[in-house]
Amino acid sequence: MSTTAKEAPSWSFSSLPDDIILNVLARVPRRYHPILSCVSKKLQSLVRSSELQITRSLRGKEDRFYVGSREAYSSYETWDSYHWFTFTESHHRLASIPFPSSPLKPCSTTPITVGTDIYIVGGSRNMWILETRSGKLRQGPKSPVFRDRAAVGLVNYKIYIFGGTCPKSCYQDIQAQAFDLNTQTWQLAPNPSMKVNCINNSVVTPALGRKIYVMSGKNVIVYDTRDGTCDEIIRAEDFNSQTICVVDNVLYMHYHDVGLMWYESKAKEWRVVHGLKFKGYFSNIKMAEYNGKLAFLWHSVNNGEVWCSMIALFGSSNVAIRGLLEWSNRLLSHVPFSYDMKDFMVCTDYYK
């Protein structure tokens, strides 16, 4: 064996000083963070740390939250009354953005983020792409089938659309389709094994899963994009909720009477997230996954204020989960009660 081979040092990326690792991670697109989190506990901790967000911000690189609101009493037929707002973790203030309006119906579509772009799908065969950096709106390839109020999710760089309804003139047997972001083409996807009604809320597992979680009627339907198999999660009885979120493959739902709850899949039961005081009525709630945390947004119609809280989650998904409130700030005051927050999302890898 050569001298060089004998003296070759044994080291790993995780053994480097934290400040060096943070500077490297700050250059990695956020869409790869779930993969890095699986490498080691140390990388998982650094990926979710506030230090990484500060490092990214110092490099002029910061993720942005987007909120889409419409006037509740306006016409459903156009986006004329639809308004975009944005904020970041370093600037907790909701700012209006003069993005152009899509010609699609806001009540029938679902915006979904891919990097710094927002894809507006459903409600028509047309698809529109909003480029958040330039503020330009362009039309994408038409889908083969028109589905109204469909569920939408992103899995393996494909946008899936399924369920909902379609006009009698369309092919009723085609219930699901997927848009390949690499090839920019549409293809048929496996039909869901059960009926998926008009959708209140849909969200895809942000980790390496292949399932999309859907609020359909009173319960949650889990659609497997590999074969179309669907499982149904029964919502806790006597508790009202209209929003769901998936963080680290765990489903969360907020109930006004109890607070934030999570679903234990083996026991098939809902359990309370400990350590939080989120019991009570929050108007117009939206939730989104962000760096392994849960962003909790609400608009109180009583005082016209919009608030956001960032919740870190700890524990085992088969024993107990605790929540830690990292920050909670008022984003905007004097918002008309007629404004309805329809969409809440994160655009990653945004350069200021």
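# Exercises on Salt Bridges

In this predicted model, Arg138 is partly exposed, its relative accessible area being 34%.

**Exercise 1.** Determine which residue meets the side chain of Arg138 in a salt bridge, and classify the accessibility of that partner.

*Solution.* The side chain of Arg138 meets that of Glu131, with a distance of 2.6 Å from N to O. A salt bridge requires the nitrogen to lie within 4 Å of a carboxyl oxygen, so the pair qualifies. Glu131 has a relative accessible area of 23%. Buried would mean under 20% and exposed over 50%, so Glu131 counts as partly exposed.

**Exercise 2.** Locate Asp18 and Lys42 in the chain and state how their side chains interact.

*Solution.* The two side chains form a salt bridge, at 3.3 Å from N to O. Asp18 belongs to helix H2 (residues 18–25), whereas Lys42 belongs to helix H4 (residues 41–47). The two residues are 24 residues apart, and the pair links distant parts of the chain. Asp18 is partly exposed at 37% relative accessibility. Lys42, with a relative accessible area of 33%, is also partly exposed.

**Exercise 3.** Identify the salt-bridge partner of Glu269 and decide whether each of the two residues is buried or exposed, or falls in between.

*Solution.* The partner of Glu269 is Arg271, and their closest N and O atoms are 2.7 Å apart. The relative accessibility of Glu269 is 35%, which places it in the partly exposed class. For Arg271 the relative accessible area is 22%, and this residue is likewise partly exposed.

**Exercise 4.** State how many salt bridges the structure holds.

*Solution.* The total is seven. Among them are Asp18 with Lys42, Glu131 with Arg138, and Glu269 with Arg271.

Conventions
Residues are numbered from 1 along each chain as its sequence is written. This is a predicted model: local features need pLDDT of at least 70, side-chain atom pairs count only at pLDDT 80 or more; totals for chains, interfaces and linings use all residues. Side-chain values use heavy atoms; hydrogens and water are left out. Helices (H or I, at least four residues) and strands (E, at least two) are DSSP runs, numbered from the N terminus. Buried means under 20% relative accessible area, exposed over 50%, partly exposed in between (1.4 Å probe, protein chains only).
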